[in-house]
Amino acid sequence: MAVRRRQRLGPGGGRALLGAVLLCVWWRAAAERVRYTIAEELGRGSLVGPLARDLGLSADELPARKLRLSEEKQYFTVNEENGNLYVNERLDREEMCGESATCSVSFEVLVHNPLNVFYVEVAIEDVNDNSPTFSKAVLDLEIDEWTLPGARFPLDMARDSDAGSNSQLTYQLASNPSFSLILDENPGGKKQPELVLERALDREKQSSFELVLTAVDGGEPARSGTLQVLINVTDANDNKPVFSKRVYEARVAENLPAGSLVLRVVATDADAGSNGRVSYSFGNVPDGVRLMFTVDSGSGEVRTVGSLDFEEKSKYSFSLEARDGGGLTSHCEVQIDITDENDNAPEITILSLSSPAPEDAPVGTVVALLKVRDRDSGENGQVSCELTGEAPLSIVASPGGSYKVVTASALDREQASEHRVTVVARDRGRPALSSSAELVLEVSDVNDNAPVFEEAAYSAYVAENNAAGALLLRVQARDADAGANGRVSYWLAGGSAGAAGAAPLVSVEARSGALYAQRSLDYEQCREFSVEVRAQDGGAPARSSTATVRVFVLDRNDNAPRVLWPAAVAVPAEAAAVAPFEVVPRSAEAGYLVAKVVAVDADAGRNAWLSYELVQASEPALFRVGLHSGEVRTARAVSERDAAKQRLVAVVKDHGQPALSATATLHVVLAESLQEALPELSERAAGAEAAAAAELQFYLVLALALLSALFVLSVALAVLARLRRAGPPAVLRCLGAQRFSVAGAAFPADFCEGTLPYSYNLCVAAPARAVPEAAWPPPPVPVLSAEELLGADSCEKPSSNSSAITGDVTSEPDALQLEDHAVMSRRKEKYIWLLSHLSELPVDKAVLSSTRCCSAGRRLRAPLLTERSERKLGELQPRPLRTRPIGRSPSGSAAGGL
């Protein structure tokens, strides 16, 4: 080995020299930034700029410097001959930057020999390549014919994906004498078109209008889009919905779970009925907004649909529309700000690694170029890097988030043949997140032997559902070389799925040759595969060899049976009526096939053997299921006592260890035909409306009962009024607690028969008053004659077989004996005197003045001159007087009365 002499500096001089070198490197990197500006939609191969000339590189040194780009997505390419930068693929500003005001692409340019990095930024300018578009082609409006001129009706806003003046829209309306167009600028700076009614509408003259709204952008040349507005003139809807705010603002953190409430908009409508019901919807918004948010049409709640990511988009601005039942609309602006969380660890990308490095490399030689990026913002995105491990390497920060790993001291292969360091990047978030990347720097040597595997082919067996990162096997190759030339590393070279196809399945550790599963393997998707592992030494040029590794996946019982029939219905509980059902006739005998549960298992072998069992049923003794066939049959004959609706739950099990199962729910309707089963199905379908229907039915029955009661009461009052006018029947005239004559005076109850020429029925109650009160039913009003009441002097004993005892109510005299006119005249005088004095006496005195008294409330027999008698008296036709004795009770009072 040749002996080389090196001049050593003192500790202070070495640190000063290193600091000067690092300062020069940083200063040069800060100044090496190039910026270009191009228009979007340039064709592939379009010139961006002379990159090599702007970096200070001549055409002669380009082959040795190996100018190349480090961008992740190759939007641009550099020509190795002249160093010019060209467009590599179509650039669409709207696709790359969305609605951002500025759009640019930044990348690093690497120059080797010596290694250096330059920063290039290409700004993408917008061109007017997008026309304004409306969310729908036709807009339907309903306007009340009584709407006053000057009323405004908001129209849909168009959307232009361009930026700047290319997205500034103006609107034009086709000429119409009844309507005009005005533009109202909302708080977001956008112009809201509104339709203005210029004159009163007459539905009888013209019931509809067709207008065309045109949106024109500010580009050159201008682009436009149209919206057809159909106006229907209606009778009544004079109020449009009104939002409580014109602009709703909300601030939410990123990573909110789907379905989280963001905000709630509220619009009111002063109309009643359907014209006052407000529904909410998106206006003309980008598709990205619909993918992230949803608005409830009834409540106005805006909720998340997708996962919000601050790094993708930090602010959403869109419009919401409120529409009432009559077709009137209003709009509001919604602005949602996404706040950043420290959810992204720093990402370390190794742009370049010079390994192996010659041991005679000078101090400060760049051996690796790293790019560290944290997608968070603020302190969450501020990153610091450091190296861990004992190695003569140091890391230097450069502008733009890149770092250089340089040699801090001389390399010596005899002391260390390789250097392994770890780059640790840590942000300043709370809590701080960090990531690391390992760098292995080898010292080069002469390489003349290729690595040799211990076996030409390897076999590995792994059960499915293994943990990600599980060790499959280790491959080993040996290299006879020494130092870097004998140090072997392993790579995936190919196999049955190729190198790219095998990479998602397995990975190999470069140093140890350990083959790991990248993810959980599934026997049902892949039963075996093979990969080729390459062993490569660190020589220059490197030598390598390959070995084939066959990986066999073993099955596990990891798939539960899946029921194909009856299919499960993934709907809310109130919509469970759509579940499948079977109709079984009530005449079905034992063994009748109801249905067959069909299930499959994706596993293999015993893990896929299925058995069926009935675990729940409305009538357990009515049905049975085949153990292996899954056929559901009747266990006995169906009877009339069985419920019309039956619910069966069957469990399907496999024979794995442990066994997995699934359940199937079958609804059975016992009916002879589908038409007979329809009521039962209607009951199932009405499950969600049962409560409302029951309440409605209760109020309907209550209303019907009230109406019926009012009707019955009205009929009863009408009948009573009719009876009152017509008078009660004769059989009821003497019934009641208080009966009296309304002829003007009350008489005692015990008159002697024969005192008057006629007989009558008299009902006397308790002591009468001067002005009697009538009871229902009212008593008849007899016409009395004083002669008949006071004319007779003798009394006859009442007979025991009197009609009063038998309950006879009325009796008429069989004959009348008229006296001469003189006698009648005397009796009339007595009658007149009696009427003039009798009203002054109490009833008791009147009773005492008579010959005999009856007890109160008794029915008596007494002479009565009726209207018929007076008519007969007027005819002066004498009849013989025949009287009946009034029955007496043992106590001496009149009997048979009430």
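Trainee: Which side chain does the side chain of K404 make a polar contact with?

Mentor: In this predicted model, the side chain of K404 makes that polar contact with the side chain of N116, at 3.2 Å.

Trainee: And where is K404, and is it buried or exposed?

Mentor: K404 belongs to strand 28, which covers residues 402-407, and K404 counts as buried because its relative accessible area is 4%, where the cut-off for buried is under 20%.

Trainee: Switching to N232, which strand is that one in?

Mentor: N232 lies in strand 14, made up of residues 224-234.

Trainee: How does N232 count in terms of accessibility, and why?

Mentor: N232 counts as partly exposed, because its relative accessibility is 33%, and that class lies between the 20% limit for buried and the 50% limit for exposed.

Trainee: Which residues is N232 in contact with, if I leave aside neighbours within four places in sequence?

Mentor: Those contacts are with L141, E142, I143 and S207; in addition, the C-alpha atoms of N232 and S208 are 4.5 Å apart in space, although 24 residues separate N232 and S208 in sequence.

Trainee: Zooming out, how many helices and strands are there in the protein chain?

Mentor: The protein chain has twelve helices and 50 strands, and of its 898 residues 41% count as buried.

Trainee: What about contacts between residues at least 6 apart in sequence?

Mentor: Of those contacts in the protein chain, 70% join residues at least 24 apart.

Trainee: Last one, what does the accessible surface come to?

Mentor: For the protein chain it comes to about 47700 Å², with 52% of that belonging to carbon and sulfur atoms.

How values were computed
Residues numbered from 1 in each chain as written. Predicted model: local features only at pLDDT ≥ 70, side-chain atom pairs only at ≥ 80, totals over all residues. Heavy atoms only, no water. Helix = DSSP H or I, 4+ residues; strand = E, 2+ residues; numbered from the N terminus. Buried < 20%, exposed > 50% of the residue type's maximum accessible area, 1.4 Å probe, protein only. Contact = heavy atoms within 4.5 Å. Areas by Shrake-Rupley, 256 points an atom, 1.4 Å probe, with all protein chains shown as cover. Polar contact = N/O pair within 3.5 Å; in protein donor to acceptor, adjacent residues only side chain to side chain.
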